[in-house]
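Q: Got a minute to walk through this fold with me? I'll put it up here.
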Amino acid sequence: MGIFDKFQALSATRRDLEALGIDPFNVQIDRIVSPTEGIILGKPTILAGTNNYLGLTFDPEGIAAARTALENEGTGTTGSRMANGSYSGHRMLERELSAFYEKREAIVFSTGYQANLGMIAALAGPDDVVLLDADCHASIYDGCRLGGAEVIRFRHNNPEDLAKRLRRLGARVANTLILVEGIYSMLGDRAPLKEIVDVKREYGGYLMVDEAHSLGVLGERGRGLVEELDLLADADFIVGTFSKSLGGAGGFCVSDHPELDLIRYSSRPYIFTASPSPATIASTRHALRTLAAGTHLRQRLRENADHLHAGLTALGYTLGAPPSPVIAVIMEGKIEALKFWDGLLKRGVYVNLMLPPATPNGVSLIRCSVSAAHTPEQIDAICAAFADLRTAA
Ligand code: PMP
């Protein structure tokens, strides 16, 4: 027995993929041309798997802000905020995030993954309970492990199941953190947040909403599902990422609980890692302003999502959810999905391949993510590639 024995199953899976001549988890984008185009395998390719929901990665003003920060403040902070100090940009971004959400406190983390890890592990320790939607992201599960809380899953998007489990907890409800996402990353479906809030109001507990895929997408000002459903005040904690609609890297949590500031002193993923670079903070600050004012971008994104959803539905594909920027096509099995993914790439369309165990209920998915920057012609071209594969099948 050796430490590498556990990799044998992985190695066998890789060999199977190599035999098929497909390597979906090692794609190299040779050149990135725009938010929606790249060169892959030497060919111009439409990018429809990037989470670049508002298409802000090439915003000239965002790039200029990042460049100025790079020149004035250097390439990196070379340390954590706790040990090495915060730059003014970190603090400013936190102020801007709390103003944006009209929440009292905000903390910036180095990634969205770390925002979940850092918040959940600090809030929910061994004497606490995390009640999470079964389809929650890996970073939420990992945060629970780091904190050592008891983890109870409730059935995906099922408020009755949540209520049942909260009821069983009795007095421990006071030590319970409920976790849901605004838009779920795999199927693109939304949480029934109103009903979940009703359950929380009846039984108690604290609610954390991960708006990674809904920030910039839902709500008049882009504040996510909490804004769209007018539930901003009911979410104890809102977490999100800079890596999707904001086109950067980093994560955050906002809250009205004054204790949020204390989390800095006990959150290992906040303390023991380098803070985001000045360029990242500068482009994110600019993107946040664009996002807040970007009603037209949200409108374009909705039109593109509706367009792709309608096109794929007309072709007879089974989709994971009503239109949203995440459009998941449900495949019959792993091999079909692999070949399909490869077929799309050969036709100049890059999407995500999602296989179990990363997916809910063991489904294999072709996951498309739509951007406000896609042109109607690009959406037509994506549909044409899907149509071609339908004929070829
Ligand atoms: N939460 C959810 C729901 C996500 O889908 C992701 C990333 N896919 C994250 C958090 C982590 O974000 P980041 O990539 O910024 O670490």
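Q: What does the side chain of Ser34 make a polar contact with?
A: With the side chain of Glu37, at 2.8 Å. A polar contact is a pair of N or O atoms within 3.5 Å; within protein, one must be able to donate a hydrogen and the other to accept it, and residues adjacent in sequence count only if both atoms are side-chain atoms. Keep in mind that this is a predicted model: local features need pLDDT of at least 70, side-chain atom pairs pLDDT 80 or more, while totals for chains, interfaces and linings use all residues. Numbering starts from 1 along each chain as its sequence is written, and side-chain values use heavy atoms, without hydrogens and water.

Q: And is Ser34 buried or exposed?
A: Ser34 counts as buried because its relative accessibility is 13%; the cut-offs are under 20% for buried, over 50% for exposed and partly exposed in between (1.4 Å probe, protein chains only).

Q: Which residues further off in sequence is Ser34 in contact with?
A: Leu47 and Phe58, leaving aside neighbours within four places. Contact means heavy atoms within 4.5 Å.

Q: Switching to the sheet: what's the strand order?
A: It's an open sheet of 7 strands, 4-10-9-8-7-5-6, with mixed pairing. Strands are DSSP runs of E, at least two residues, numbered from the N terminus, and two of them pair if DSSP finds at least two bridges between them.

Q: Which strands are at the edges?
A: Strand 4 (105-109) and strand 6 (150-154), each pairing on one side only.

Q: How do strands 5 and 6 pair?
A: Parallel, over 5 bridges. Asp133 stands opposite Phe154 in strand 6.

How values were computed:
Helix = DSSP H or I, 4+ residues; strand = E, 2+ residues; numbered from the N terminus.
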